[in-house]
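Trainee: Can we go through this one together? I have the file open and would like to start with the loops.
Mentor: Fine, go ahead.

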Amino acid sequence: MSEVDDVEEVNGLVDEEEEMEEHSEILYNTTLHHELKYDHILRDRQERFPPELKSLPDSVLKDLLDQGLDKARKRVRRNYKAAVPHYYNGKIQLLLPLSLLSQDKADLALAVEKEGKRYISRTVLKLEWAYSNARLLAK
C-alpha cells in the first residue's frame, strides 16, 4: 500500500467519524443515560394520556413511564428508525414510541432532547401530533 492509499484510508475514516457526529442528533444512542422530567409530564401534560390512565396516581404513572421508556429503548435497539426526528423550538428532537397500555401499541410519543452526553424528556405528545411534526421535518 502506498502513502497515498494510507492517506485516503485515514481520510475515509475521518469522513465516517464526521458523518457519525453529524447524525448523532438524529440517531438515538441507547448507551446514554435518559432522564424523565416527571413533574412536567404528569402535572402539565396529563391531559394527553389515554383516558384509562388519567385517574391513576402519579406513582403508578411514573412506573408506567419508566416501563414505557425501557420498552422504547429496546425497540430502538432492534430498529433505529423507531426514534423519529422532529423539529421543535429551533432544535431537532427525537420522538420515541411510548407503550403504556400494551406491549404492541404506542399510546404516546416521548419527546427527547440530547443535552451533552444524556437525553432528557420533558413532555409527551399525542400520536397524531407526533406524526404531523415528524412529517414536517421529512419534507
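Trainee: Where is Asn-89 placed?
Mentor: Asn-89 sits in the loop between S2 and S3. Bear in mind that this is a predicted model.

Trainee: Is Asn-89 buried or exposed?
Mentor: Asn-89 has a relative accessible area of 67%, so it counts as exposed.

Trainee: What is phi of Asn-89 near?
Mentor: Phi of Asn-89 is near 55°, which is positive although the residue is not a glycine. Most residues other than glycine have a negative phi.

Trainee: Next loop. Where does Glu-25 lie?
Mentor: Glu-25 is in the loop between H1 and S1. With a relative accessible area of 47%, Glu-25 is partly exposed.

Trainee: And what is Glu-25 in contact with, leaving aside neighbours within four places in sequence?
Mentor: With those neighbours set aside, Glu-25 is in contact with Ile-92 and Leu-94. The C-alpha atoms of Glu-25 and Lys-91 are separated by 9.6 Å, and the two residues are 66 apart along the chain.

Trainee: What about Thr-30, buried or exposed?
Mentor: Thr-30 counts as buried because its relative accessibility is 18%, and the cut-off for buried is under 20%. Thr-30 also lies in the loop between helix H1 (3–23) and strand S1 (33–36). Not counting residues up to four places away in sequence, Thr-30 touches Arg-73, Val-76 and Arg-77.

Trainee: One more loop residue, Ser-102. Where does it lie?
Mentor: Ser-102 is in the loop between S3 and S4. At 32% relative accessibility, Ser-102 counts as partly exposed. The side chain of Ser-102 has a polar atom 3.3 Å from the backbone nitrogen of Lys-105.

Trainee: Which residues is Ser-102 in contact with, once neighbours within four places in sequence are left aside?
Mentor: Lys-71 and Asp-107 are in contact with Ser-102 on that basis. From Ser-102 to Gly-68 the C-alpha distance is 9.4 Å, with their positions 34 residues apart in sequence.

Trainee: Let me step back. How many helices and strands does the protein chain have?
Mentor: The protein chain has four helices and five strands. Along the sequence they follow the pattern α-β-α-α-β-β-β-β-α.

Trainee: What share of the residues is buried?
Mentor: Of the 139 residues in the protein chain, 35% are buried. As for contacts between residues at least 6 apart in sequence, 54% join residues at least 24 apart.

Trainee: Now the interior. How many residues are in the largest nonpolar core?
Mentor: The largest nonpolar core has 24 residues, and those with the most contacts inside it are Tyr-28, Phe-49, Leu-65, Leu-96, Leu-100 and Leu-110. The elements giving two or more residues to this core are helix H2 (38–44), helix H3 (58–78), strand S3 (91–98), strand S4 (108–115) and S5. H3 gives the most, with six residues.

Trainee: Is there another core, and which residues are among its members?
Mentor: Another core of five residues lies apart from the largest one, and Leu-95, Ala-109, Ala-111 and Leu-125 are among its members.

Trainee: Back to Leu-110. What is it in contact with, beyond neighbours within four places in sequence?
Mentor: The contacts of Leu-110 include His-34, Leu-36, Ile-41, Leu-69, Ser-121 and Thr-123, with those neighbours left aside.

Trainee: Ser-121 turns up there. Which strand is it in?
Mentor: Ser-121 is in strand S5 (residues 118–126). Ser-121 counts as buried because its relative accessibility is 0%. The side chains of Ser-121 and His-34 make a polar contact at 2.7 Å.

Trainee: What else does Ser-121 touch, not counting residues up to four places away in sequence?
Mentor: Besides His-34, Ser-121 touches Glu-35, Leu-36, Lys-37, Ile-41, Leu-110, Ala-111 and Val-112 on that count.

Trainee: Last topic, pockets. What volume does the largest pocket have?
Mentor: The volume of the largest pocket is about 290 Å³. It is lined by 17 residues, and the closest to its centre are Tyr-88, Gln-93, Ala-111, Thr-123 and Leu-125.

Trainee: Which strand gives the most to the lining of the largest pocket?
Mentor: S5 gives the most to that lining, with five residues. Strand S2 (84–88), S3, S4 and S5 each supply at least two residues of it.

Trainee: And how do the lining residues of the largest pocket divide into nonpolar, polar and charged?
Mentor: Five of the lining residues are nonpolar, seven are polar and five are charged.

Conventions
Residues are numbered from 1 along each chain as its sequence is written. This is a predicted model: local features need pLDDT of at least 70, side-chain atom pairs count only at pLDDT 80 or more; totals for chains, interfaces and linings use all residues. Side-chain values use heavy atoms; hydrogens and water are left out. Buried means under 20% relative accessible area, exposed over 50%, partly exposed in between (1.4 Å probe, protein chains only). A polar contact is a pair of N or O atoms within 3.5 Å; within protein, one must be able to donate a hydrogen and the other to accept it, and residues adjacent in sequence count only if both atoms are side-chain atoms. Contact means heavy atoms within 4.5 Å. A nonpolar core is a set of buried Ala, Val, Leu, Ile, Met, Phe, Trp, Tyr and Cys residues joined through side-chain atoms within 4.5 Å. On a 1 Å grid over the protein atoms alone, a cavity is a set of points where a 1.4 Å probe fits but cannot get out, and a pocket is an open set with protein on both sides within 12 Å along at least five of seven lines; lining residues have an atom within 4 Å of a point. Grid points are joined across faces, edges and corners, and a volume is the space filled by probe spheres set on the points. Ala, Val, Leu, Ile, Met, Phe, Trp, Tyr, Cys and Pro count as nonpolar, Asp, Glu, Lys and Arg as charged, and the others, Gly among them, as polar.
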